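Hi everyone, thanks for coming. I'd like to walk you through some charged side chains today, so let's bring up the model.

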Amino acid sequence: MRNFFPHGRLILLTAVIILFPSCVSQYKIVVGMSPDLKAQFNEYPSIEVDMVALDAAAEAEIKQAGVENYFAPDSGVRSKTGAKTFFFSQEQTKVLTFESRDQAWFKWLRQKPVKLVVIASIPHDPSMAPSPDPRIISISMKPSIIFSKTLNVLIEPKSLTV
C-alpha cells in the first residue's frame with residue numbers, strides 16, 4: 001500500500017493536466033504610481049488603468065486604436081471590452097489591487113482569452129510616441145495548473161512596467 005501513494009500522486013497530477021488543459025492563469029494585479037510621476041508633472045496626474053483578458057483579435061484592435069482613441073469618451077473599442085478600471089490622481093495615490101477571484105475574471109475566462117491587457121492613460125507628447133506604445137502591456141495567459149499569480153504594475157511617467 002505504501003508504494004501506491006508515490007505513483008498515485010503522479011497519476012493524479014497527470015489526470016489534472018489532462019482534464020484541465022484549457023485552464024488559464026488568473027492574476028492578482030497590484031497597480032501603483034511611481035513617485036517619478038509627481039516629479040515629472042509637479043503633481044500626480046489623473047490616470048485611468050484598464051485591465052482585461054482578451055482574445056488575440058481584441059488585443060490587436062486595442063493596439064491599433066491606440067491609447068488616446070481607446071480612452072476617448074465615445075470609444076467603441078473600450079466599451080465592448082468589459083475592462084476593470086482603476087482611477088489614480090493627486091487625491092488617489094494608494095496602491096490598488098484587482099484580486100484573482102474578482103467576478104470579472106469569471107466573465108472573461110468564458111471567452112477563452114489568450115492575453116491580459118493593461119492599458120493606462122498616462123499623459124504624453126504625441127510627437128514622441130514610440131512603437132509599440134509602452135502604455136499598453138500584454139501578458140500571455142497560457143494554460144497553467146497554477147491558478148493564481150501576482151503581477152505588480154507600476155505606472156511610470158512614460159510607460160507601464162511589470
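Which residues are linked with E48 in a network of salt bridges? They are D50 and R78. By salt bridge I mean a side-chain nitrogen of Lys or Arg within 4 Å of a carboxyl oxygen of Asp or Glu.

A quick word on the source: this is a predicted model, where local features need pLDDT of at least 70 and side-chain atom pairs count only at pLDDT 80 or more, while totals for chains, interfaces and linings use all residues. Residues are numbered from 1 along each chain as its sequence is written, and side-chain values use heavy atoms, with hydrogens and water left out.

Back to our network. Between E48 and R78, the N to O distance is 2.7 Å. The two sit 30 residues apart, E48 in strand β2 (residues 47-54) and R78 in helix α4 (residues 76-79); helices (H or I, at least four residues) and strands (E, at least two) are DSSP runs, numbered from the N terminus. R78 is buried at 18% relative accessibility, whereas E48 is partly exposed at 22%. Here buried means under 20% relative accessible area, exposed over 50%, and partly exposed in between, with a 1.4 Å probe and protein chains only.

In total, the structure has eight salt bridges. Another of them joins E61 and K80 at 3.0 Å, N to O. E61 belongs to helix α3 and K80 to the loop between α4 and β3 (84-88), so this pair ties together parts 19 residues apart in sequence. K80 is exposed at 57%, and E61 is partly exposed at 31%.
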